[in-house]
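Student: I would like to go through a model with you, one feature at a time. Where should we begin?

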Amino acid sequence: MHEWALAEAVISTVEKNTGSTDLSMLQEVTVLLGELQNIDIEAFSKGLEMMTKGKGADLELFQLEIEKAVFRCNYCGMEWSLDDYPGVGEDEREAIHFLPESAHAYMKCPGCGSSDFVIKSGRGVTIKSIIVKDREGRG
Ligand SMILES: [Zn+2]
């Protein structure tokens, strides 16, 4: 399952970063989920929950944020999101979510009309921050 593999990758990255498999020392982990990644948040959360069990943490530890898709024109440098772009309906959005490369079939740079643009963000899964509990303080 895709979401479980992602959850596993998140946990192992966190463990590598902190140098410990004891997650009880952590206060908050913020994970950015790309808008174009098409993640089943429920399955992903379930995966995180299962994998943090027995490691001193639970699902509360994780803040899941959606990272908006941003497109950037190679020609004029303009950046835009799916929401900014007029005339992209539900069907097109769905197609772009399913296959981000298909964005080129539905969009042109709103600034200069070039179809030479890249997907700057909104793909993949990123760990935005890992906050360790204050040793002096609570917890
Ligand atoms: Zn442009």
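Student: Let us start with a single residue. Where is the place of Leu82?

Tutor: Note before anything else that this is a predicted model. Leu82 sits in the loop between β4 (79-81) and α3.

Student: Is Leu82 buried or exposed?

Tutor: The way to decide is to count C-beta atoms around the residue, with 20 or more inside 10 Å as the cut-off for buried. Leu82 counts as buried because it has 20 C-beta neighbours inside 10 Å.

Student: Which residues does Leu82 touch?

Tutor: Leaving out residues up to four places away in sequence, Leu82 touches Ala69, Val88, Arg93 and Ile96. As for distance along the chain, Leu82 and Met107 are 25 residues apart, and their C-alpha atoms are separated by 9.5 Å.

Student: Let us take a second loop residue. Where does Pro110 lie?

Tutor: Pro110 is in the loop between α4 (103-106) and β5 (117-121). Pro110 has 16 other C-beta atoms within 10 Å, so it is classed as partly exposed.

Student: With which residues is Pro110 in contact?

Tutor: Setting aside neighbours within four places in sequence, the contacts of Pro110 are Met78, Trp80 and Tyr85. For Pro110 and Tyr85, 25 residues apart along the chain, the C-alpha separation is 7.4 Å.

Student: Now the whole chain. How many helices and strands does the secondary structure come to?

Tutor: The chain has four helices and six strands. Their order along the sequence is α-β-α-β-β-β-α-α-β-β.

Student: Which domains does the domain assignment give?

Tutor: Domain 1 is assigned to 2-67 + 122-132 and domain 2 to 70-121. Their C-alpha centres lie 28 Å apart.

Student: How many residues of domain 1 are in contact with domain 2?

Tutor: Five residues of domain 1 contact seven residues of domain 2. By class, the side of domain 1 that touches domain 2 has one nonpolar, two polar and two charged residues.

Student: How does the radius of gyration of the chain stand against that of a compact globule?

Tutor: The idea is to set the value for the chain beside the one expected for a globule of equal length. A compact globule of 139 residues would come near 14 Å, but the chain has 18 Å. Along the principal axes, the C-alpha atoms fill a box of roughly 55 × 30 × 20 Å. Buried residues account for 22% of the 139 residues.

Student: What is in the largest nonpolar core?

Tutor: The largest nonpolar core holds 16 residues, and Ala7, Val10, Val29 and Leu61 have the most contacts inside it. Two or more residues come from each of α1 (2-18), β1 (26-34) and α2 (41-52). The most, five residues, come from α1.

Student: Which residues does Leu61 touch?

Tutor: Not counting residues up to four places away in sequence, they are Leu23, Leu26, Glu28, Val29 and Thr52. Apart from the largest core lies another, of nine residues, among them Leu36, Phe71, Leu82 and Phe117. That returns us to Leu82, which is buried.

Student: Last, the confidence. Which elements have the lowest and the highest mean pLDDT?

Tutor: As a general rule, predicted coordinates should not be read in detail where pLDDT is low. Here helix α3 (residues 90-98) has the lowest mean among the elements, 87, and strand β3 (residues 70-73) the highest, 97. The chain averages a pLDDT of 91, and 96% of the residues score at least 70.

Conventions: Residues are numbered from 1 along each chain as its sequence is written. This is a predicted model: local features need pLDDT of at least 70, side-chain atom pairs count only at pLDDT 80 or more; totals for chains, interfaces and linings use all residues. Domain bounds come from an automatic or database domain assignment. Two residues are in contact if their C-beta atoms, placed from the backbone, lie within 7 Å. Ala, Val, Leu, Ile, Met, Phe, Trp, Tyr, Cys and Pro count as nonpolar, Asp, Glu, Lys and Arg as charged, and the others, Gly among them, as polar. A nonpolar core is a set of buried Ala, Val, Leu, Ile, Met, Phe, Trp, Tyr and Cys residues joined through C-beta atoms within 7 Å. A residue is buried if 20 or more other C-beta atoms lie within 10 Å of its own, exposed if 12 or fewer, and partly exposed in between; C-beta atoms are placed from the backbone. pLDDT is the predictor's confidence in each residue, from 0 to 100. The radius of gyration is taken over C-alpha atoms; the globule rule is 2.2 Å times the number of residues to the power 0.38.
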